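Q: Got a minute to go through this one with me? I'd like to start with the surface.

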Amino acid sequence: LRSVAAALILLFLLKSLLFFKGIQLINLPSFTKLYFILYLCALEIIPLLIAVSGLYAVNNTLSLNL
């Protein structure tokens, strides 16, 4: 139980750090919105989509074997 809580706290701190790093990209002089969108796609959205699609495939595989 303690390791789960520690992992959740560490995950929250990591995601916060990544988000604040992305906020710093807004202060760039040119193409600020493009940089921020590319940053979010590279570090936040694409890994989430990969994880969801992987879980969906595992769920389909397990439900077919039952």
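Q: Which residues form a nonpolar patch on the surface?
A: That would be Val4, Leu8, Leu11 and Leu14. Together they have about 370 Å² of accessible area. Keep in mind that this is a predicted model.

Q: Where is valine 4 found?
A: Valine 4 sits in helix H1, which covers residues 2-26.

Q: And is valine 4 exposed or partly exposed?
A: Partly exposed: its relative accessible area is 48%, and exposed would need over 50%.

Q: OK, switching to rings. How many aromatic pairs does a search of the whole structure find?
A: Just one aromatic pair turns up in the whole structure. The partners are phenylalanine 19 and phenylalanine 20, with ring centres 5.9 Å apart.

Q: Why is that pair edge-to-face?
A: Because the ring planes of phenylalanine 19 and phenylalanine 20 are at 65°, and planes over 60 degrees apart count as edge-to-face.

Q: What about accessibility for those two, phenylalanine 19 and phenylalanine 20?
A: Phenylalanine 19 has 43% relative accessibility, so it counts as partly exposed. Phenylalanine 20 comes out at 54%, so that one is exposed.

Q: Zooming out, how many helices and strands are in the protein chain?
A: Two helices and zero strands.

Q: How much of the chain is buried?
A: Of the 66 residues in the protein chain, 5% are buried.

Q: And what supplies the area the chain exposes?
A: The protein chain exposes about 5,900 Å², and carbon and sulfur atoms supply 78% of that.

Note on methods. Residues are numbered from 1 along each chain as its sequence is written. This is a predicted model: local features need pLDDT of at least 70, side-chain atom pairs count only at pLDDT 80 or more; totals for chains, interfaces and linings use all residues. Side-chain values use heavy atoms; hydrogens and water are left out. Patches are made of residues with over 30% relative accessible area and no salt bridge: like charges are joined within 9 Å, nonpolar side chains (Val, Leu, Ile, Met, Phe, Trp, Tyr) within 5 Å. Accessible areas come from the Shrake-Rupley method with a 1.4 Å probe; for residues, only the protein chains shown count as cover. A salt bridge is a side-chain nitrogen of Lys or Arg within 4 Å of a carboxyl oxygen of Asp or Glu. Helices (H or I, at least four residues) and strands (E, at least two) are DSSP runs, numbered from the N terminus. Buried means under 20% relative accessible area, exposed over 50%, partly exposed in between (1.4 Å probe, protein chains only). Rings of Phe, Tyr and Trp (its six-membered ring) pair if their centres lie within 6.5 Å; planes under 30 degrees apart count as stacked, over 60 as edge-to-face and the rest as tilted.
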